[in-house]
Amino acid sequence: MSKVFRLGVLLIVLLIVAGVKASLLDSVKDGWSFGFTGFVPPRGCELYVGGHNPGVVYRYNGSGWEPISPVLGYAVMDLVVYNGRLYAAVTTGFGGYSGVGRVYRYDGERRWTLVGDGLDRGVLSLAVYNGE
C-alpha cells in the first residue's frame with residue numbers, strides 16, 4: 001500500500017474523529033457513515049463507507065458514492081479488510097445495541113455472503129490482529 005494512500009486514509013480518519021464531515025462523505029445518503037476503509041484490491045486503490053438506515057455499503061468512484069450492497073441491516077457499523085477481502089459489521093436494530101449482529105463478506109459486484117449471524121445485539125467493530 002502506498003505511503004500517499006495511507007496518509008490519505010489517515011487524513012479522512014482524523015477529519016471524522018475530529019467531528020468534521022469530509023466533503024467526500026456529504027454525498028453519501030443522508031451525509032452520514034459509520035465504518036469506512038480503503039484498500040488496494042487487484043484493480044487499484046478504493047475507498048468504502050457504510051451507511052445507516054438503510055445499512056448499505058458504498059464505494060467511491062472518483063466523482064461520487066455508488067452502492068455496492070443491498071440493504072444488509074439497519075446500519076453498517078464498521079468495515080475491515082482481511083486476507084484481501086472486505087468485511088462489514090452490521091446491526092439490524094437502531095442504536096447499535098439492539099437487533100442482531102451480523103458480519104458479511106464482499107464477493108464482488110453487489111454480492112455479499114453472510115459469514116456471522118446472531119452475534120449478540122450488534123457488531124460494532126471489526127479488527128485484524130497479527131493477520132488473524
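1. Overall content. The chain holds one helix and nine strands. The order along the sequence is α-β-β-β-β-β-β-β-β-β, with the helix ahead of the strands. This is a predicted model, and the points below should be taken in that light.

2. Confidence overall. Mean pLDDT for the chain is 74. A value of 70 or more is reached by 64% of the residues. The two extremes belong to named elements. Helix α1, residues 3–17, has the lowest confidence, with a mean of 51. Strand β9, residues 111–116, has the highest, at 93.

3. The weak stretch. Over residues 14–27, pLDDT stays under 50. The model still gives this stretch 17 contacts beyond four places in sequence. Where pLDDT is low, predicted coordinates should not be read in detail. I would word any description of residues 14–27 with that pLDDT in view.

4. Strands β2 and β4. Residues 46–50 form β2, and residues 57–60 form β4. The two strands pair in the antiparallel sense, over three bridges. Within this pairing, Y48 stands opposite R59 of β4.

5. Strands β4 and β5. β4 also pairs with β5, residues 65–67. The sense is again antiparallel, and there are three bridges. Y60 has W65 in β5 as its bridge partner. β4 therefore has β2 as one partner and β5 as another.

6. The β4–β5 turn. These two strands make a hairpin, with four residues between them. What is the sign of phi at G62 in the turn, positive or negative? Phi at G62 is positive, at about 105°.

7. Residue E109. E109 sits in the loop between β8, residues 101–108, and β9. Is E109 buried or exposed? E109 counts as exposed because its relative accessibility is 62%, and the cut-off for exposed is over 50%. In space, E109 is 6.4 Å from I68, C-alpha to C-alpha. In sequence, the pair is 41 residues apart.

8. Burial and surface. The chain has 132 residues, and 40% of them count as buried. The exposed area is about 7500 Å². Carbon and sulfur atoms supply 57% of that area.

9. Contact range. Take the contacts in the chain with a separation of 6 or more. Residues 24 or more positions apart account for 32% of them.

Technical notes: Residues numbered from 1 in each chain as written. Predicted model: local features only at pLDDT ≥ 70, side-chain atom pairs only at ≥ 80, totals over all residues. Heavy atoms only, no water. pLDDT = per-residue confidence, 0-100. Contact = heavy atoms within 4.5 Å. Buried < 20%, exposed > 50% of the residue type's maximum accessible area, 1.4 Å probe, protein only. Pairing = 2+ DSSP bridges. Areas by Shrake-Rupley, 256 points an atom, 1.4 Å probe, with all protein chains shown as cover.
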